Amino acid sequence: MIFCLENLNTAVDHPGTPFAKAADTLALVAAVDNSHLRLMLDISRAQIGEANLVELIKKCAPYIGEVQVADVPGRYEPGTGEINYARIAQALRGIGYAGTVCLEAWASVDSELALERFRTAFTVSR
């Protein structure tokens, strides 16, 4: 069994949370250093609180248990905001990540289009 601890943010939602940044969450997961505790890296919340997502992914690599995606602003599907999800997908591939990438977003127009945008963002050419 693996417990994934998610980074949140205080700028937009979750005021007062002790894990307002991925760096905070990573520090705890790394300090515990147990294969049953991993980081659930929420990319959209990291963009709000930390930016420099590619470097963050590299730093978190050994501890990522799941990746959650949504775009900023609005928490809609990839391709609707400021995050370069093609680059995020390349970075995840670059660290050898083969785990779950979860779409945790609102559909900006309709759910079929949202799923297509998600698939497009995470289809990486070899």
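**Helix packing and an aromatic cluster**

Modeller: In this predicted model, Tyr85 counts as buried, at 3% relative accessibility.

Colleague: What makes Tyr85 buried?

Modeller: Buried means under 20% relative accessible area, and Tyr85 has 3%, so the term applies.

Colleague: Why is Phe118 called buried, and Phe122 partly exposed?

Modeller: The cut-off is again 20%. Phe118, at 16%, falls under that cut-off and therefore counts as buried. Phe122 has a relative accessible area of 21%, which lies between 20% and 50%, so Phe122 is partly exposed.

Colleague: How many aromatic pairs are there?

Modeller: The count comes to two aromatic pairs. One of them joins Tyr85 and Phe122, with ring centres 5.8 Å apart and planes at 50 degrees.

Colleague: Why is the pair of Tyr85 and Phe122 called tilted?

Modeller: Rings pair if their centres lie within 6.5 Å, and 5.8 Å meets that limit. Planes under 30 degrees apart would be stacked and over 60 edge-to-face; 50 degrees is neither, so the pair is tilted.

Colleague: Which parts of the chain does this pair tie together?

Modeller: Tyr85 lies in helix H4, and Phe122 in the segment after helix H5 (111-121), so the pair links parts that are 37 residues apart in sequence.

Colleague: What makes Phe118 and Phe122 a pair, and of which kind?

Modeller: Their ring centres are 5.4 Å apart, within the 6.5 Å limit, and their planes stand at 45 degrees, between 30 and 60, so this pair is tilted. Tyr85, Phe118 and Phe122 form one aromatic cluster.

Colleague: Turning to helix packing, how do you know that H3 is roughly parallel to H4?

Modeller: The axes of helix H3 (residues 53-60) and helix H4 (residues 85-94) come within 10 Å and cross at roughly 20 degrees. Angles under 35 degrees count as roughly parallel, so H3 is roughly parallel to H4. The crossing of H3 and H4 is right-handed.

Colleague: Which residues make the contact?

Modeller: From H3 come Leu53, Val54 and Ile57, and from H4 come Arg87, Ile88, Ala91 and Leu92. By class, the contact of H3 with H4 has six nonpolar, no polar and one charged residues.

Colleague: Where does Asp13 lie, and why is Asp13 called partly exposed?

Modeller: Asp13 is in the loop between strand S1 (3-6) and helix H1 (22-32). Its relative accessible area is 27%, between the limits of 20% and 50%, so Asp13 is partly exposed. The C-alpha atoms of Asp13 and Arg45 are separated by 9.3 Å, the two residues being 32 residues apart along the chain.

How values were computed. Residues numbered from 1 in each chain as written. Predicted model: local features only at pLDDT ≥ 70, side-chain atom pairs only at ≥ 80, totals over all residues. Heavy atoms only, no water. Axes fitted to C-alpha atoms, helices over the stretch in contact; angles between N-to-C directions. Helix = DSSP H or I, 4+ residues; strand = E, 2+ residues; numbered from the N terminus. Parallel < 35°, antiparallel > 145°, perpendicular 65-115°, else oblique. Left-handed = near helix turned anticlockwise from the far one by under 90°. Contact = heavy atoms within 4.5 Å. Nonpolar A, V, L, I, M, F, W, Y, C, P; charged D, E, K, R; others polar. Buried < 20%, exposed > 50% of the residue type's maximum accessible area, 1.4 Å probe, protein only. Phe/Tyr/Trp six-rings, centres within 6.5 Å; stacked < 30°, edge-to-face > 60°.
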